[in-house]
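Hi everyone, thanks for coming. I'd like to walk you through one structure today, so please have a look at it with me.

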Amino acid sequence: MGTAVASEKQTARILIVDDDPDLRGLVAHKLVKAGFEVIETDNGLAAVDAALACLPNLVILDIMMPGQDGLTACEQLRADPATAGIPVMLLSALGQPDVVRSGVMAGAVHHMVKPFSLETLLASVRSLLRVHPTPVDPTTGSDLGRSFHW
């Protein structure tokens, strides 16, 4: 994947990770329609690789997936300096308090329970992008070039 120079009006890049292709496609369609760039993958292992490759502005991550679950993927994203500053929203059928607490402990900044409204999801995405602006490279202190406009 090549490196692009960020323009002042670059679109926010969102990584969607869910093993349900229909749900993933529905969320992706809504976000693309709203002007976001979307990358999709279907499991936790691929999520970590994709995040390192594309450095998204936000990761939307399911919890229950084959191979590697979303909580483990979230912990791995937090442990790597290259992805530690990327906000993670958990999107899961699991909404029990202990599961939400586990998500927070893993490093997620938001938890949305399925089923959900696409409008509520979009509002949450926009809010998270406002609260968590473009990360800074921890080794150099410089902007990682992921500034965006939407």
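**The sheet and the aspartate beside it**

What we have here is an open sheet of 5 strands, in the order E2-E1-E3-E4-E5, with parallel pairing. Please keep in mind that this is a predicted model. Strand E2 (37–41) and strand E5 (110–113) stand at the edges with a single partner strand each, so one side of each has no neighbour in the sheet. On average, neighbouring strands are turned by 20° against each other, direction ignored.

Let's look at one pairing more closely. E3 and strand E4, residues 88–92, run parallel and are joined by 3 bridges. Within this pair, Val59 stands opposite Val88 in E4.

Now follow the chain out of E3. Asp62 lies in the loop between strand E3 (58–61) and helix H3 (70–79). You may want to note this residue, as an unreviewed UniProt entry lists Asp62 for "modified residue: 4-aspartylphosphate".

Is Asp62 buried or exposed? Its relative accessibility is 4%, and because the cut-off for buried is under 20%, Asp62 counts as buried. And what is Asp62 in contact with, leaving aside its neighbours within four places in sequence? The list is Val17, Asp18, Asp19, Gly70, Leu91, Ser92 and Lys114.

Two of those names come back when we turn to charges. Asp18, Asp62 and Lys114 are linked in a network of salt bridges. In the Lys114 to Asp18 bridge, the closest N and O atoms are 2.8 Å apart. This pair links distant parts of the chain, 96 residues apart: Lys114 sits in the loop between E5 and helix H5 (118–131), and Asp18 in the loop between strand E1 (13–17) and helix H1 (21–33). Asp18 counts as buried too, at 2% relative accessibility.

How many salt bridges does a search of the whole structure find? It finds 5, and I'll show you two others. Glu40 forms one with Arg24, with the closest N and O atoms 3.1 Å apart. Here strand E2, which holds Glu40, is linked to helix H1, which holds Arg24, across 16 residues. The partners have their own settings: Glu40 is partly exposed at 41% relative accessibility, whereas Arg24 is buried at 13%.

Finally, the side chains of Lys30 and Glu119 meet in a salt bridge at 2.3 Å, N to O. That pair links Lys30 in helix H1 with Glu119 in helix H5, 89 residues apart.

That's my tour, and I'm happy to go back to any part of it.

Conventions:
Residues numbered from 1 in each chain as written. Predicted model: local features only at pLDDT ≥ 70, side-chain atom pairs only at ≥ 80, totals over all residues. Heavy atoms only, no water. UniProt positions renumbered as here; feature names shortened; annotations may be inferred. Helix = DSSP H or I, 4+ residues; strand = E, 2+ residues; numbered from the N terminus. Buried < 20%, exposed > 50% of the residue type's maximum accessible area, 1.4 Å probe, protein only. Contact = heavy atoms within 4.5 Å. Pairing = 2+ DSSP bridges. Axes fitted to C-alpha atoms, helices over the stretch in contact; angles between N-to-C directions. Salt bridge = Lys/Arg side-chain N within 4 Å of Asp/Glu carboxyl O.
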